[in-house]
Amino acid sequence: MTTQVLNDLSVEIDGDGEALLCIHGLGGSSNAWTPVLSALGGFRRIRPDLPGSARSPLPADGKALSIERYVDAMVSLLSVLDIGKVHVMAHSMGTIVAQHLALRRPGTVRSLALFGPLAAPSDAARPSIAARAHAARGSAAAMQEIADAIVKGATSAQTKELQPAVLALVRESVMRQSPEGYAQSCAALADAQPAALERLDVPTLLVTGDQDGVAPPASVRAMQERIAGSRLVVLDGCGHWTTFEQPQRCTQELEAFYAALH
């Protein structure tokens, strides 16, 4: 595995085979995919940290982040790597980026595996996400407080009871974000607009948890109904940090999904 800086993005690249672009969510990094790497042995795995997240700096031009800018960054990254066709795997906010990428570059994206997926935040959720952006800039302790709130609200009861290491991993992932980068990422998510899901025409896997409050099963089922031929999996005892909370089940679903493509 090599970690490179490409177009100002920190990117981990390893493996051989068809290209697979892995897009993390809000408060995440390339490490979101470490628990499921065993399912991805036949791919050339490309795992960037999004602009302003983890090890990738905010864009030098000073312009605010947005879903469109994330898509631009992914398009540029694929161009630099000379990748014509790519499978895409994504989590949470990254699933919105993946959907828009697939529609912007028809014929480029071969498949979508979306964890904790959402078309866009609900109108009820947007103000709280925007408030989190403001809070992230508020004090030196803000990211710690935000991380604690996410651990409490975005993991399942079973994870809290039985998987303390997962709670620590989620907390650390959020706390490793820069306050300004995280704030801009929150603002980008708060303003996110949905893609035209009916126009997606690639094999699509949708995976969510039965206790995922960000991507509740009913909302993901509504997405499935709009994406022709898509498959929905709801994991028992799982919250929003799908690959951390249920790595074995996620690995099994990915193995079956990719096996069916060949």
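Colleague: I'm new to this structure, so let's begin with one residue: is aspartate 49 buried or exposed?
Modeller: Welcome! This is a predicted model, where local features need pLDDT of at least 70 and side-chain atom pairs count only at pLDDT 80 or more, while totals for chains, interfaces and linings use all residues. Residues are numbered from 1 along each chain as its sequence is written, and side-chain values use heavy atoms, with hydrogens and water left out. Buried means under 20% relative accessible area, exposed over 50% and partly exposed in between, using a 1.4 Å probe and protein chains only, so with a relative accessible area of 0% aspartate 49 is buried.

Colleague: Which residue does aspartate 49 meet in a salt bridge?
Modeller: A salt bridge is a side-chain nitrogen of Lys or Arg within 4 Å of a carboxyl oxygen of Asp or Glu. For aspartate 49 the N to O distance is 3.0 Å. The partner is partly exposed, with a relative accessible area of 42%, and its name is arginine 55.

Colleague: Which residues are linked with these two in a network of salt bridges?
Modeller: The structure holds 13 salt bridges. In the network, Asp49 and Arg55 are joined by Glu12 and Arg47.

Colleague: How far apart in sequence are the parts that the pair of arginine 226 and glutamate 198 ties together?
Modeller: The closest N and O atoms of this salt bridge are 2.8 Å apart. Arginine 226 lies in helix H8, whereas glutamate 198 is in the loop between H7 and strand E7 (204-209). Helices (H or I, at least four residues) and strands (E, at least two) are DSSP runs, numbered from the N terminus. The separation of the two parts in sequence is 28 residues.

Colleague: In which helix do arginine 249 and glutamate 253 both lie?
Modeller: Their salt bridge has its closest N and O atoms 3.1 Å apart. Arginine 249 is partly exposed at 29% relative accessibility, whereas glutamate 253 is buried at 10%. The two are four residues apart, about one turn of the helix, and that helix is H10.

Colleague: Within what arc do the buried residues of H10 fall?
Modeller: H10 has 15 residues and reaches 21 Å from its first C-alpha to its last, close to the 21 Å expected at 1.5 Å a residue; the expected span is 1.5 Å times one less than the number of residues. Its buried residues are Cys250, Thr251, Glu253, Leu254, Phe257 and Tyr258, while Gln248, Ala259 and Ala260 are exposed on the other side. The arc is that of the directions from the helix axis to the C-beta atoms. The buried residues line one face of the helix, because their arc is 165°.

Colleague: Which helices are among what covers the buried residues of H6?
Modeller: H6 (residues 164-175) has the buried residues Val166, Leu167, Val170, Ser173 and Val174. They cover an arc of only 130° around the axis, which puts them on the same side of H6. The face turned away from that buried side carries the exposed residues Pro164 and Ala165. What covers the buried residues includes H4 (142-154), H5 (157-162), H7 (179-190) and H9 (242-245).

Colleague: Which residue is the bridge partner of leucine 20 in E5?
Modeller: Strand E3 (residues 18-23) is mostly covered, with five of its six residues buried. Two strands pair if DSSP finds at least two bridges between them. E3 pairs in the parallel sense over four bridges with E4 (residues 43-48), and alanine 19 stands opposite arginine 44 there. E3 and E5 also pair in the parallel sense over four bridges, and there the partner of leucine 20 is histidine 87.

Colleague: With which residue does the side chain of histidine 87 make a polar contact?
Modeller: Histidine 87 lies in strand E5 (residues 86-91) and is buried, with a relative accessible area of 4%. Leaving aside neighbours within four places in sequence, its contacts (heavy atoms within 4.5 Å) include Phe43, Arg110 and Tyr258. A polar contact is a pair of N or O atoms within 3.5 Å; within protein, one must be able to donate a hydrogen and the other to accept it, and residues adjacent in sequence count only if both atoms are side-chain atoms. At 2.6 Å, the side chain that histidine 87 meets in this way is that of glutamate 18.
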